[in-house]
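This report describes the architecture of a protein model, with attention to helix packing, charged pairs and selected individual residues. The sequence and the structure are shown below.

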Amino acid sequence: MDWRMFAERMAKLARELLAQDTVSDTLERITCSATELVPGCDAAGILILHAKGVRTLAPTDQLVIDSDELQERLQEGPCYDVARPESDERVFRITDFREPHPGWPRYVSEARKLGLGSMMGFLLYTEEEDLGALNIYSREPGAFGEASETAGWLLASHAAVAFSSARTHAQLEQAVATRHVIGEAMGILMGSHDLTEEQAFKVLRRYSQDKNIKLREVARQICERGGLS
C-alpha cells in the first residue's frame, strides 16, 4: 500500500465531497471511493437504521442491497450491529464467509449464498451524532488485511464529516424554503381576509392541526390555490 499516494487521493476526495450538490451525490461519491481506495473492495454501501427498519444508501452493487435486506430480515449482522446507536463498536469484520461466526451465525450462512467472501463495516460518526455505517464487501474470502482496514477507517472518518455537513446544509435549505412558503401563504391570507400577521399564522396552524397536515403543506396549498379551500 502506497500511503503517500493514498493520502493525496484522500485530500482530493475531501475537496470533492464538499463540492457535491446534494446529500445523495455526497454518499455516492463516498461509496464509489471505497471501491477505488480500499484494497480488495468490490462493493460498498451505507446503511442507516430508523424506526421503520433498515435503509440502504448509495449502494454500488445489488450485492449491498441484498446483504442489508438479509440482515434486516434476520435482525442480525455486522452492519446492522455497527449502525445501532447503542453500539460501542466502531469496526466489524468477517474475514471468511466460509467459516461459521458465533456472533451472526444465520447471517453468515445465508450471506454466503449471495456470493459474499468477506466484509467490513465502519461506524460513521462525529462528536455530535452517529450517522450509520459504511459497509465494504468482497466476493473473495480473506480479501481485507490490515491496510484495507486502515484505509476503510480513514475513508469512513472523512465520510462521516462530509455526510453530516451535507445533511445539515440540506436541512438549512429546507428550513429556508419552508419559512419562505409559510410567509407567502400568510401574506395571501392577510390580503384576502384582512388579517394581521399573528392572526394569519393562527389560521394556518389551526388548519394544520384540524386536518392533521403539516404546516408547510398547508402553506403550499394556499400558495397554489390562492387561499384555503
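## A charged pair in helix 7

At 54% relative accessibility, Glu-198 falls in the exposed class. The side chain of Glu-198 joins that of Lys-202 in a salt bridge, with an N to O distance of 3.5 Å. Both residues belong to helix 7 (residues 197–211), and because they are four residues apart, about one helical turn separates them. Lys-202 is partly exposed, its relative accessible area being 40%.

## Overall organisation

The model is predicted. Its protein chain contains eight helices and five strands. Read from the N terminus, these elements follow the order α-α-β-β-α-α-β-α-β-β-α-α-α.

The protein chain has 229 residues, of which 40% count as buried. Among contacts in the protein chain with a separation of 6 or more, 58% are between residues 24 or more positions apart.

## Packing of helices 1 and 2

Two packed helices are described by the angle between their axes and by the distance between those axes. For helix 1 (residues 3–18) and helix 2 (residues 23–37), the angle is about 170 degrees and the axes are 11 Å apart. Since an angle over 145 degrees counts as roughly antiparallel, helix 1 and helix 2 are therefore roughly antiparallel to each other. The crossing of helix 1 past helix 2 is right-handed.

Which residues of the two helices meet? Helix 1 contributes Phe-6, Arg-9, Met-10, Leu-13, Glu-16 and Leu-17, while helix 2 contributes Thr-26, Arg-29, Ile-30, Ser-33, Glu-36 and Leu-37. By character, the residues of this contact comprise six nonpolar, two polar and four charged. Glu-16, Arg-29 and Glu-36 are also linked in a network of salt bridges; Glu-16 is on the helix 1 side of the contact, with Arg-29 and Glu-36 on the helix 2 side.

## Further salt bridges

Side chains of opposite charge can pair when their charged atoms come close. The structure holds eleven salt bridges. One of them links Glu-76 to Arg-106, with 3.4 Å between the closest N and O atoms. Glu-76 is located in the loop between helix 3 (62–74) and helix 4 (78–82), and Arg-106 in helix 5 (residues 105–111), so this pair ties together parts that are 30 residues apart in sequence. The partners fall in separate accessibility classes: Glu-76 is buried, with a relative accessible area of 11%, whereas Arg-106 is partly exposed, with a value of 45%.

Another salt bridge is formed by the side chains of Asp-96 and Arg-98, at 2.9 Å from N to O. Is each partner buried or exposed? Asp-96 is buried, with a relative accessible area of 16%, while Arg-98 is exposed, with a relative accessible area of 57%.

## The surroundings of Arg-93

Arg-93 is placed in strand 3 (residues 91–94). This residue counts as partly exposed, at 29% relative accessibility. Where its neighbours within four places in sequence are set aside, Arg-93 is in contact with His-101, Trp-104, Met-119, Met-120, Phe-144, Gly-145, Glu-146 and Glu-149.

A C-alpha to C-alpha distance of 9.0 Å separates Arg-93 from Phe-122 in space, and the two residues are 29 residues apart in sequence.

## Residues with positive phi

Most residues other than glycine have a negative phi. Ala-58, although not a glycine, has a positive phi of about 50 degrees. The position of Ala-58 is in the loop between strand 2 (53–57) and helix 3. With a relative accessibility of 16%, Ala-58 counts as buried.

A positive phi is also found at Gln-75, a residue other than glycine, where the value is near 60 degrees. Gln-75 lies in the loop between helix 3 and helix 4. At 48% relative accessibility, Gln-75 counts as partly exposed. The loop between helix 3 and helix 4 also holds Glu-76, the partner of Arg-106 in the salt bridge described above.

Terms used:
Residues are numbered from 1 along each chain as its sequence is written. This is a predicted model: local features need pLDDT of at least 70, side-chain atom pairs count only at pLDDT 80 or more; totals for chains, interfaces and linings use all residues. Side-chain values use heavy atoms; hydrogens and water are left out. Axes are lines fitted to C-alpha atoms, for helices over the stretch in contact, and angles run from 0 to 180 degrees between N-to-C directions. Angles under 35 degrees count as roughly parallel, over 145 as roughly antiparallel, 65 to 115 as roughly perpendicular and the rest as oblique. A crossing is left-handed if the near helix is turned anticlockwise from the far one by less than a right angle, and right-handed if clockwise. Contact means heavy atoms within 4.5 Å. Ala, Val, Leu, Ile, Met, Phe, Trp, Tyr, Cys and Pro count as nonpolar, Asp, Glu, Lys and Arg as charged, and the others, Gly among them, as polar. A salt bridge is a side-chain nitrogen of Lys or Arg within 4 Å of a carboxyl oxygen of Asp or Glu. Buried means under 20% relative accessible area, exposed over 50%, partly exposed in between (1.4 Å probe, protein chains only).
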